[in-house]
Amino acid sequence: MPHYLYTWNYLATLLGVFLGLKLVRGLDVSQSRPNFLLLLADDLGIGDLGCYGNSTIRTPNIDRLAEGGVRLTQHLAAEAVCTPSRAAFLTGRYPIRTGMTSGNGHRVLQWAAGAGGLPAEEITFAKILKEQGYVTGLIGKWHLGLNCHSSSDHCHHPLSHGFQYFLGMPLGMMGDCSGTEPSEKRVTLQRRLYLCSQASVLAALTLVAGRLTGLLRAPRWLLVLILAAAATMFAASRHVGDLIIYADCFLMRNHSVTQQPLHLERVTGLMLREAETFLQRNKHHPFMLFISFLHVHVPLVTTAGFRGRSKHGLYGDNVEEMDWMVGRILDALDRERLTDKTLVYFASDHGGSLESRVGHMQLGGWNGVYRGGKGMGGWEGGIRVPGIFRWPGVLPAGRVVDEPTSMMDVFPTVVLLGGGTEPRDRVIDGRNLLPLLRGETPHSDHEFLLHYCEVFLHAARWVQRDRGRVWKVHFMTPNFHPEGAGACYGSAVCPCIGDVTEHDPPLLFDLSTDPGETRPLKPDSEPEFHTVVGKLKQEAAQQWHSLSQIHQQLGSIYNIWRPWLQPYCGEFPNYGCDLEE
Ligand SMILES: *[C@@H]1O[C@H](CO)[C@@H](O)[C@H](O)[C@H]1NC(C)=O
């Protein structure tokens with residue numbers, strides 16, 4: 001062999017070894033346990049972000065995240081409202097499996113002092129990561145329950161579900177927290193208390209009449225008791241707003257109530273500072289930090305610097321402020337040199353709320369071309385959410401994935417990357433996303449996804465891979481009021497049962513050509529109609545049989561205010577505190 005060929009051979013071998021090494025290193029990185037920074041917005045619509053096509057709102061920081069990572073265009077929440085969607089996110093399981101549902105109109109946990117919540121037997125990814133040696137923290141909204149039997153048993157508290165550290169609101173930000181918004185909860189409660197006080201007065205009058213006529217001989221103390229109850233309920237009905245502010249709008253730091261009621265204007269700064277110190281404190285240790293924003297839920301608490309800045313009123317200002325917060329947190333990652341070692345995820349718990357408005361002012365998000373929004377059964381606008389993953393050097397930058405994925409997929413993905421294993425004693429509905437995110441496989445593992453509203457199956461989708469089509473069937477849809485307006489104005493969220501339309505035959509859409517669900521396909525003109533509907537019905541029946549009997553955590557008896565479960569700080573009669581100075 002000529003001399004130069006030897007040299008050539010030698011060089012080629014060397015090159016091969018280098019490439020091989022690089023490949024091994026690449027694989028190594030994916031197996032080295034990254035940190036996890038999970039960012040979840042509240043009520044943000046998929047159409048509210050620059051990187052999802054909004055040209056008039058400014059979200060440079062979230063857009064930067066998408067540019068440096070993988071952006072999912074068909075990322076789906078398991079439910080179109082907070083509590084069940086968040087439960088599914090943390091456990092990787094449909095809410096009907098974990099009992100985070102009701103069958104009677106309660107769609108989310110209503111009170112911090114209710115008894116329902118994520119059952120102790122459920123396993124969150126936080127719990128597994130903690131067992132794998134991660135430091136786990138939650139900053140912000142929880143909304144998955146607090147107590148079972150006393151005001152401090154904390155059976156559903158984040159620290160009982162795998163988080164080692166918590167600063168935030170056990171329930172979450174609500175319109176009621178500002179005291180100015182006439183929320184449905186407040187109005188209903190006010191009316192009920194008022195009616196009860198009137199009924200008590202009536203009962204008292206009957207007793208008096210009975211005594212005077214000698215027909216009824218009730219003891220005097222009973223009369224006094226009834227009058228006292230009437231007075232209390234009347235007084236309470238006048239102060240419902242203040243009561244709710246104390247009952248639900250408070251901060252906890254780990255196991256203690258530290259600010260009651262919440263100081264709205266200080267909470268953004270407080271959350272940011274917590275996030276920054278958490279990153280600084282744990283930079284030498286694997287961590288999972290879940291930042292669950294109070295933005296962009298009403299009452300749209302926005303600091304002065306951001307008010308009046310956007311082109312979209314207070315809602316737009318609030319979105320832009322949240323984006324700024326994301327930027328601050330990403331800067332902190334950079335500063336601590338954690339960016340390359342950290343998998344960052346950004347999503348919203350469900351779609352934007354179309355009903356959230358006062359007069360003509362829209363206070364809820366924008367869901368782009370997708371129909372419907374928060375709370376609206378299986379309509380795409382309520383469940384299709386932004387989904388961004390960034391991990392420099394491991395996930396390709398700027399990649400866009402159109403395959404259907406679920407927020408439940410985060411569970412197996414972070415569990416496996418963190419060195420843990422999926423629990424084998426229960427069904428996990430999420431699928432490991434890493435191969436899809438890295439581009440090692442073109443397809444998502446989900447062939448079917450079911451879209452429940454409470455325990456009722458409203459819709460389902462089937463990915464027909466060989467034909468590249470995504471079919472979606474609606475068995476039930478909420479009724480819009482006024483007809484055709486695209487929302488259930490007049491109630492806070494659409495109901496799942498009752499005021500709905502049952503479709504027989506079901507409504508069928510081909511999302512691959514009609515993502516806005518505007519042209520239902522007819523059985524006589526769409527040859528695949530019966531095949532698709534039959535397949536999805538079969539899949540739904542199969543899943544139904546795989547469910548086990550469980551308590552409905554959101555049903556009425558668990559979901560009412562129980563005074564003895566109410567967390568508080570301070571002493572009688574001076575309740576309330578502020579230890580977050
Ligand atoms: C951008 O978002 C705002 C706020 O939700 C919305 O009003 C507007 O219609 C959106 N614009 C586009 C082009 O999507």
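In the predicted model, a polar side-chain atom of Asn54 lies 2.3 Å from an oxygen atom of the ligand. Two further side chains approach ligand oxygen atoms in this way: an N or O atom in the side chain of Trp366 is 3.0 Å from one, and a polar side-chain atom of His312 is 3.4 Å from one. Taken alone, the ligand exposes 360 Å², of which the protein buries 72%. The surrounding residues are Gly47, Asp48, Asn54, Thr56, Ile57, His312, Tyr315 and Trp366. By residue class, this shell comprises four polar, three nonpolar and one charged member.

Attention turns next to the nonpolar interior. In soluble globular proteins, nonpolar side chains tend to be buried together. The largest nonpolar core of the model contains 113 residues, and the members that touch the most others are Phe89, Phe125 and Phe346. Helix H10, spanning residues 313–335, gives the most to this core, with nine residues. A second, separate core of 30 residues includes Tyr94, Ile383, Met408 and Phe475.

The surroundings of Phe89 can be described in detail. With neighbours within four places in sequence left aside, Phe89 is in contact with Leu38, Leu40, Phe125, Phe290, Tyr345, Met407, Val410 and Phe411. Phe89 is also one of the buried residues of helix H3. Helix H3 covers residues 82–91, and 10 of its 10 residues are buried. The buried set includes Arg86 along with Cys82, Thr83, Ser85 and Thr91. Just after H3, Gly92 adopts a positive phi of about 75 degrees.

Two members of H3, Cys82 and Arg86, are touched by Lys141, a residue of strand S3 (residues 135–141). Lys141 is classed as buried because its relative accessible area is 2%, below the 20% cut-off. The side chain of Lys141 makes a polar contact of 2.9 Å with the side chain of Asp42. Beyond residues up to four places away in sequence, Lys141 also touches Met169, Leu171, Gly172, Ser292, Phe293, Leu294 and His297.

Leu118 likewise touches residues of H3, among its contacts being Ala87 and Thr91. Leu118 is located in the loop between helix H4 (95–98) and helix H5 (125–131). With a relative accessibility of 0%, Leu118 falls under the 20% limit and therefore counts as buried. Its other contacts, not counting residues up to four places away in sequence, are Met100, Thr124, Leu144, His156 and His161. The C-alpha atoms of Leu118 and Gly145 are 6.4 Å apart, although 27 residues separate the two in sequence.

A further helix with buried residues is H8 (residues 240–248), in which Val240, Gly241, Ile244, Ile245, Ala247 and Asp248 are buried. The elements covering these residues include strand S4 (165–169), helix H6 (184–213) and helix H7 (220–238).

A link between distant parts of the sequence is found at Asp402, in the loop between strand S12 (399–401) and strand S13 (405–406). The C-alpha atoms of Asp402 and Gln74 are separated by 5.6 Å, while the two residues are 328 residues apart along the chain. Apart from neighbours within four places in sequence, Asp402 is in contact with Thr73 and Gln74. A polar contact of 2.7 Å joins the side chains of Asp402 and Thr73.

Several backbone features remain to be noted. Most residues other than glycine have a negative phi, and most peptide bonds are trans. Arg337, in the loop between H10 and strand S8 (342–348), has a positive phi near 55 degrees. Glu454, in the loop between strand S14 (448–453) and strand S15 (456–464), has a positive phi of about 50 degrees. Arg337 is exposed, with a relative accessible area of 71%, whereas Glu454 is buried, at 3%. Cis peptide bonds occur from Gln260 to Pro261, with omega near -5 degrees, and from His481 to Pro482, with omega near -5 degrees. Pro261 is placed in the loop between strand S6 (256–260) and helix H9 (267–281), and Pro482 in the loop between strand S16 (469–478) and strand S17 (500–510).

Key
Residues are numbered from 1 along each chain as its sequence is written. This is a predicted model: local features need pLDDT of at least 70, side-chain atom pairs count only at pLDDT 80 or more; totals for chains, interfaces and linings use all residues. Side-chain values use heavy atoms; hydrogens and water are left out. A nonpolar core is a set of buried Ala, Val, Leu, Ile, Met, Phe, Trp, Tyr and Cys residues joined through side-chain atoms within 4.5 Å. Buried means under 20% relative accessible area, exposed over 50%, partly exposed in between (1.4 Å probe, protein chains only). Helices (H or I, at least four residues) and strands (E, at least two) are DSSP runs, numbered from the N terminus. Contact means heavy atoms within 4.5 Å. A residue is near a molecule or strand if one of its heavy atoms lies within 4 Å of it. A polar contact is a pair of N or O atoms within 3.5 Å; within protein, one must be able to donate a hydrogen and the other to accept it, and residues adjacent in sequence count only if both atoms are side-chain atoms. Accessible areas come from the Shrake-Rupley method with a 1.4 Å probe; for residues, only the protein chains shown count as cover. Ala, Val, Leu, Ile, Met, Phe, Trp, Tyr, Cys and Pro count as nonpolar, Asp, Glu, Lys and Arg as charged, and the others, Gly among them, as polar.
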